[in-house]
Amino acid sequence: MSAPLPEHPAGPIIGPGHTFSTVTDKISAVVLTRKTPIGWFIGFALSFSLLMLFLVAVTHLVFTGIGIWGINEPVAWGFDIVNFVWWIGIGHAGTLISAILLLFRQEWRTSINRFAEAMTLFAVACAAMFPVLHLGRPWLAYWLFPYPNTMGIWPQFRSPLMWDVFAVSTYATVSLMFWFVGLIPDLATLRDRSPSRVGRGIYGILAMGWRGSAAHWHRYETAYLLLAGLSTPLVVSVHTIVSFDFAVGVIPGWHATVFPPYFVAGAIYAGFAMVMTLAIPLRKIYGLEDFITMRHLNYMARITLATGLIVAYGYMMEAFMAWYSGSPYEEYMILNRFSGPYNSMYWTLIVCNVVVPQLLWFERVRSSVVALFAVSMVVNVGMWLERYIIIVVSLSRDFLPSSWGLYSGTVWDWSTFIGTIGLFLTLLFLFIRFLPMISIFEMRTLLPEAEVKEELA
Amino acid sequence: MTRRPAIYGLLAEFNDPNELVSAVRGAHAAGYRRLDAYTPFPIEELSEALDMHRNRLPLIVLIGGILGACAGLGLQYWTSVIDYPINVAGRPLFSLPSFIPITFECTVLVAALSAVFGMLALNGLPMPYHPVFNVPRFALATRDRFFLCIEATDPQFDRDATRRFLERFVPRSVSEVEH
């Protein structure tokens, strides 16, 4: 069928000297036999403390009400929506890596797709916290779904907020299934290799009796490919619908047709930055440089650069359309971003998202782990600021000067936000401890021995 | 049906995918039909060698998607036009453009659910017990070994003749699979 992979100028996607058994043993050992590194305990303890901060913030919120946050009239959407969009955007890179790169047959995705998908799931979980908590009465969140109720009413299906409910819940469900289906063969590997009875039992139940039958693989691959094909338009639709939350409104700075593509690109940009932020320390701590190679980091850096340029184009278009529209409100909005009360944040955002990522043009930056980590952190911050600017600047200065007002997050806003970072990292630490963070069976297919030679067969 | 054979089948273990694929082709050519191969990763050539061309999954997913789309649009139509018509800013009761996003999400949701549960159902999973696991070496099927099982229900199956047949392919081992 296909010729053996030639030496790639950018380096191999899997280190030399590996066989089916070494790949299996090395990845499964992280979960099954290797001593858990001390770094894991420190990291888990820190993340868990942040998660407890989240617990405190949410408890206080539920007892007191959302008045403890900084939101006010006119800025009724503050940190909660900023964080919602930020988190859900981060999740998008996971689906992009697992679905879109699969359809494009980008084999290098294999060693990063598993934990990128896990990252998607956890980011969506963090994102979902915010709109629910913002309801004020989160225990009534089920009112969002259309169910026959004694009040005799239905949700407003013409509202983008309602579209969001369907988009995010579908996205969470499909991401969970995609991730779990990808895990089944690896759970079977863990079942067969776990030294403990409990491990064999739990992994065995989760693997559902997977035995690697050729007939099963045949349907499995079809299902996986179909899921990838379904996830691809889904991921684009999710951030498009998130952008509709803004674009359908008439607020200056929101009512723009560029929003859907600009939001989707921004989501992928933020997500790849987050994948790099996580992958760089992970491969170091667990010694997985053979599987997550410099070539992977180099490619992720290029995607970050490309999507970063689309985002930069979005910023230019916002400014251009504000001028070209001839609307005094739009013009004022952009001037207010440049020089208004939030201008320091705006210019920091431009530095973080437009200026700093240009370093990725240089091969030397792309081949330095430290530089890549630094750039990805800067992008994470920049993308958070972007959502802050879009939401807060526009709301704080709308059409009537009499209804202007400023906004800043309170200590509870920050606690909730930092708390979800704790939730995210706690889930991630548990994931890398108990499940294989790299897809073992897909790594096996990348080995040269996996090739069936026609003349022999 | 007929009485149950004494064993489930014979399991041959191979070192690499090429040996397995040629053994499967050989067994198929020799007329064996009740056979299955077990591998640590998907091997495209095996589906051809085992004559597996039909796969109902895409059709199931298509039907799921269509049902999802109808259910999503139907829900919005019925609630907005029939059950509780309400005039929102003069928009038509049946505001099709506004109903597209939710229809799309429902399509994807039901299609994806059909893909996953359809795959599991067609594969007969979850399956708490299967005879091949009685062979201790079978644990390597999820690591680095490739297995071919000729089942005893095959009309051509004969405990000794089939074992001799499998040994022609020089497997690492041939073991009998208890029920």
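1. Let's start with a small detail: Ala37(B) has Leu148(B) as its bridge partner in β3(B). Keep in mind that you are looking at a predicted model. That one bridge is a handy way into the sheet of chain B, so follow β3(B) outwards from there.

2. Which strands pair with β3(B)? Strand β2 (residues 35–38) of chain B does, in the antiparallel sense and over 4 bridges; Asp36(B), for instance, is matched with Cys149(B). Strand β1 (residues 9–14) of chain B also pairs with β3(B) in the antiparallel sense, over 6 bridges, and there Glu13(B) is matched with Phe147(B).

3. Now the whole sheet. It is open, has 4 strands in the order β2-β3-β1-β4 (chain B), and its pairing is antiparallel. Since β2 and β4 (173–177) of chain B sit at the edges with a single partner strand each, one side of each has no neighbour in the sheet. From one strand to the next, the twist averages 20 degrees.

4. Back to β3(B): is it buried or exposed? Of its 6 residues (146–151), 6 are buried, so the strand is largely enclosed by the rest of the structure. Phe146(B), Leu148(B) and Ile150(B) point one way, while Phe147(B), Cys149(B) and Glu151(B) point the other way, and all are buried. That fits the textbook pattern: side chains in a regular strand alternate between the two faces of the sheet.

5. Have a look at helix α1 (residues 17–29) of chain B too. It lies across β1, β2 and β3 of chain B and runs at about 15 degrees to β3(B).

6. Zooming out, chain B is split into domain 1 (9–54 + 130–177) and domain 2 (57–122). The C-alpha centres of these two domains of chain B are 44 Å apart.

7. How many residues does each chain bring to the contact between A and B? Chain A gives 53 residues and chain B gives 58 residues. On the chain A side, the elements giving two or more residues are α1 (20–32), α5 (160–193), α7 (214–247) and α15 (440–446). The largest share, 16 residues, comes from α7(A). By type, that side of chain A has 29 nonpolar, 15 polar and 9 charged residues.

8. Last stop, helix α11 (residues 343–355) of chain A, where Tyr346(A), Leu349(A), Cys352(A) and Asn353(A) are buried. They span an arc of only 130 degrees around the axis, which puts them on the same side of α11(A). Their cover includes α9 (294–324), α10 (328–339) and α13 (369–396) of chain A.

Notes:
Residues are numbered from 1 along each chain as its sequence is written. Chains are lettered from A and ligands numbered from 1 in the order in which they are written. This is a predicted model: local features need pLDDT of at least 70, side-chain atom pairs count only at pLDDT 80 or more; totals for chains, interfaces and linings use all residues. Two residues are in contact if their C-beta atoms, placed from the backbone, lie within 7 Å. Ala, Val, Leu, Ile, Met, Phe, Trp, Tyr, Cys and Pro count as nonpolar, Asp, Glu, Lys and Arg as charged, and the others, Gly among them, as polar. A residue is buried if 20 or more other C-beta atoms lie within 10 Å of its own, exposed if 12 or fewer, and partly exposed in between; C-beta atoms are placed from the backbone. Two strands pair if DSSP finds at least two bridges between them. Domain bounds come from an automatic or database domain assignment. The arc is that of the directions from the helix axis to the C-beta atoms. Axes are lines fitted to C-alpha atoms, for helices over the stretch in contact, and angles run from 0 to 180 degrees between N-to-C directions.
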